[in-house]
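Visitor: I am new to protein structures. Could you take me through this one and say what each term rests on?

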Amino acid sequence: MRAMSTNPPNLRPDLAPAARLGTAATRPGQPTIGMVSLGCPKALVDSERILTRLRAEGYGISPDYAGADAVIVNTCGFLDSAKAESLDAIGEALKENGKVIVTGCLGAEPDYIREHHPRILAVTGPHQYEQVLDAVHGAVPPDPDPFVDLLPASGVQLTPRHYSYLKISEGCNHKCKFCIIPDMRGKLASRPAHAVLREAEKLVDNGVKELLIISQDTSAYGLDRKYDTNLWKNREVRSHITDLARELGQLDAWVRLHYVYPYPHVRELIPLMADAGCNLLPYLDIPFQHAHPDTLKRMARPAAAARTLDEIAAWREICPEITLRSTFIVGYPGETEAEFQTLLDWMDEAQLDRVGCFQYENVAGARSNDLPDHVPAEVKQERWDRFMAKAQAISEAKLAARVGQVIEVIVDEVDD
C-alpha cells in the first residue's frame, strides 16, 4: 500500500516535518480519510485541526491511499516550485485513490487547480475548516459511533508526541513585494491570549515537552486586537507577544519562538530568555531576508541592517547563550555583486547560528515579478553556493565552540 506524499526534504528551508498519521485501527464500517500535508508548520497546524474535527465526527485516519475513502491534500502556494509540488501531490492522490479534496494556500486559486486536475471533488482556501468538512461530508458521509470513536484529549497531532506547533495568529500586515501570503491568508488576525494559553496548557498536560510558537509574524501578535487584555488564571494577560511569552514560559515545557520580525519591542523578550525561572528558550527565528539597504528597499522591507547588527549585539549582551536562526533570499531582482557582497560581509559580523536560503523565483501575483534587472539563474545558483558555504562555515565554528559543554537536550528519535 502506498503511503501519503510528504514534503520533499530540500524544497524550502522552512518546511514542516513529515506528517505522522499513525496506524490506529479503525472499526468495521468506519469511514476513513487520508491527509497529505504540504508546506510550512502553519499548514501542518491547519491539517491537525481538520483531522481533529473529523475524528470528533467519527472518521478514521488512514496513513495510505488504499485505506482511505477520500484524501484531503493541504497544499502550499508560496513559490511556483511549491505550487508544482502541490499539483504533483494532487495528481498522485487522484491516481492512487480517486476521491480528492484540495485545501490550503494554493486553494485560493481554484481555477488554476481545476485547470490541471478537473476531477477533484472540491477546492477550499487556507484555514477554511468548515468548507473542508462540508466537502468531506459530501464525499464520505459520517457514520459516528459515540461509544467507540474516542478523540484524544489533545486532538490529532501530526508531530511526534513530545513537541507541538502552537499557532497564535493568522495572516500578515506586511506588503513585502516577493510575498503573496497576505493575499492568500489575509491580514493579521490574532487569537485571544487566554485561548492560546488554554491550548498550550492542554498540550503540556498531554505530554508535550516543547511548544513551537508559530504565525506569519509572531512579534506582531495582538496588534490587530489593540493588545486587549484577557482573563487567565484569575489575572489579566495582554494579547502581546511579551506577555504571552512570559505566561507560556511558566508552563512545564520548553517554548521556542519562530517567525519573529525584528521590531524594537523584541528586545523585551531577551531578559525572559536569560531568566532561569522561565522556560522561554534563548532562541529567535528571524527572517532577515537580506542585508543591503537598497535590496531591502526593493523588497519593501525595513532597510536597517546596521541597526539590526546593533540589536543582535544588545541581545547577546543580555543573553549570551541566545541562538539566532534566519532565512535569506539571493538573486532578488536588481541584486548586484556589490549588494550580495554586503550580505556576505553582514553574515561575518552577525555570526548567525543557523540559516536557510532561497534562490529568488517569481510567484504569480507577486509585485517583485515586475521589477527590472532579474538575475540570471546561473548567477543565482553561484551566489547561493557562496552564501551557504559562508553560513555553514560560521555554523561549524559555533558548534565546534560547544565541544566539551554539557547541554540539556530533547532527543527527537533514536535510529536503529
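Guide: Accessible areas here come from the Shrake-Rupley method with a 1.4 Å probe. The model is predicted. Its protein chain exposes about 18800 Å², and carbon and sulfur atoms supply 52% of that area.

Visitor: What share of the residues in the protein chain is buried?
Guide: Of the 416 residues, 55% are buried. The word applies under 20% relative accessible area.

Visitor: How many helices and strands are there in the protein chain?
Guide: The chain has twelve helices and 15 strands. As for its contacts with a separation of 6 or more, 77% are between residues 24 or more positions apart.

Visitor: How do you know that the span of helix α1 agrees with its number of residues?
Guide: Helix α1 covers residues 41-56, which is 16 residues. The expected span is 1.5 Å times one less than the number of residues. That gives 22 Å for α1, and the end C-alpha atoms are 23 Å apart, so the two agree.

Visitor: What makes α1 mostly covered?
Guide: Twelve of the 16 residues in α1 are buried. Among them are P41, K42, A43 and L44, and also I50, L51, T52 and L54. Just after α1 comes G58, with a positive phi of about 100 degrees.

Visitor: What makes strand β4 mostly covered?
Guide: Strand β4 spans residues 100-104, and five of its five residues are buried. V100, V102 and G104 point one way, I101 and T103 point the other way, and all are buried.

Visitor: How do you know that β3 and β4 pair?
Guide: Pairing needs at least two bridges between the strands. Five bridges join β3, residues 70-75, to β4, so the pair qualifies, and the two run parallel. V73 stands opposite V102 in β4.

Visitor: How do you know that C105 is in no disulfide?
Guide: A disulfide requires two cysteine sulfur atoms within 2.5 Å. For C105 the nearest cysteine sulfur is that of C76, 6.2 Å away, so C105 does not meet the rule. By this rule the count comes to zero disulfides.

Visitor: Why is C105 called buried?
Guide: Its relative accessible area is 8%, and buried means under 20%, so C105 is buried. C278 has a relative accessible area of 7%, so the word buried applies to C278 too.

Visitor: What is the order of strands in the open sheet?
Guide: The six strands are ordered β6-β9-β12-β13-β14-β15, with parallel pairing.

Visitor: Why are β6 and β15 called edge strands?
Guide: β6 (163-167) and β15 (354-359) each pair on one side only. From one strand to the next, the twist averages 20 degrees.

Visitor: How do you know that β14 pairs with β15?
Guide: Six bridges join β14, residues 323-330, to β15, and at least two are needed, so these strands pair. They run parallel. One bridge sets S326 against V355 in β15. Helix α12, residues 377-400, packs on the sheet and touches β14 and β15; its direction makes about 180 degrees with that of β15.

Visitor: Where is Q351?
Guide: Q351 is in the loop between α11 (337-350) and β15. Its phi is positive, about 50 degrees, although Q351 is not a glycine.

Visitor: Why is Q351 called partly exposed?
Guide: The relative accessible area of Q351 is 27%. This value lies between the 20% and 50% cut-offs, so Q351 is partly exposed.

Visitor: Which residues does Q351 touch, leaving out those up to four places away in sequence?
Guide: Q351 touches R316, I394 and K398. Q351 and K398 are 47 residues apart in sequence, and their C-alpha atoms are 8.4 Å apart in space.

Visitor: Why is K233 called partly exposed?
Guide: K233 has a relative accessible area of 45%, which falls between 20% and 50%, so K233 is partly exposed. K233 lies in the loop between β10 (229-232) and β11 (235-238). Its phi is near 55 degrees, a positive value in a residue other than glycine.

How values were computed
Residues are numbered from 1 along each chain as its sequence is written. This is a predicted model: local features need pLDDT of at least 70, side-chain atom pairs count only at pLDDT 80 or more; totals for chains, interfaces and linings use all residues. Side-chain values use heavy atoms; hydrogens and water are left out. Helices (H or I, at least four residues) and strands (E, at least two) are DSSP runs, numbered from the N terminus. Axes are lines fitted to C-alpha atoms, for helices over the stretch in contact, and angles run from 0 to 180 degrees between N-to-C directions. Contact means heavy atoms within 4.5 Å. Buried means under 20% relative accessible area, exposed over 50%, partly exposed in between (1.4 Å probe, protein chains only).
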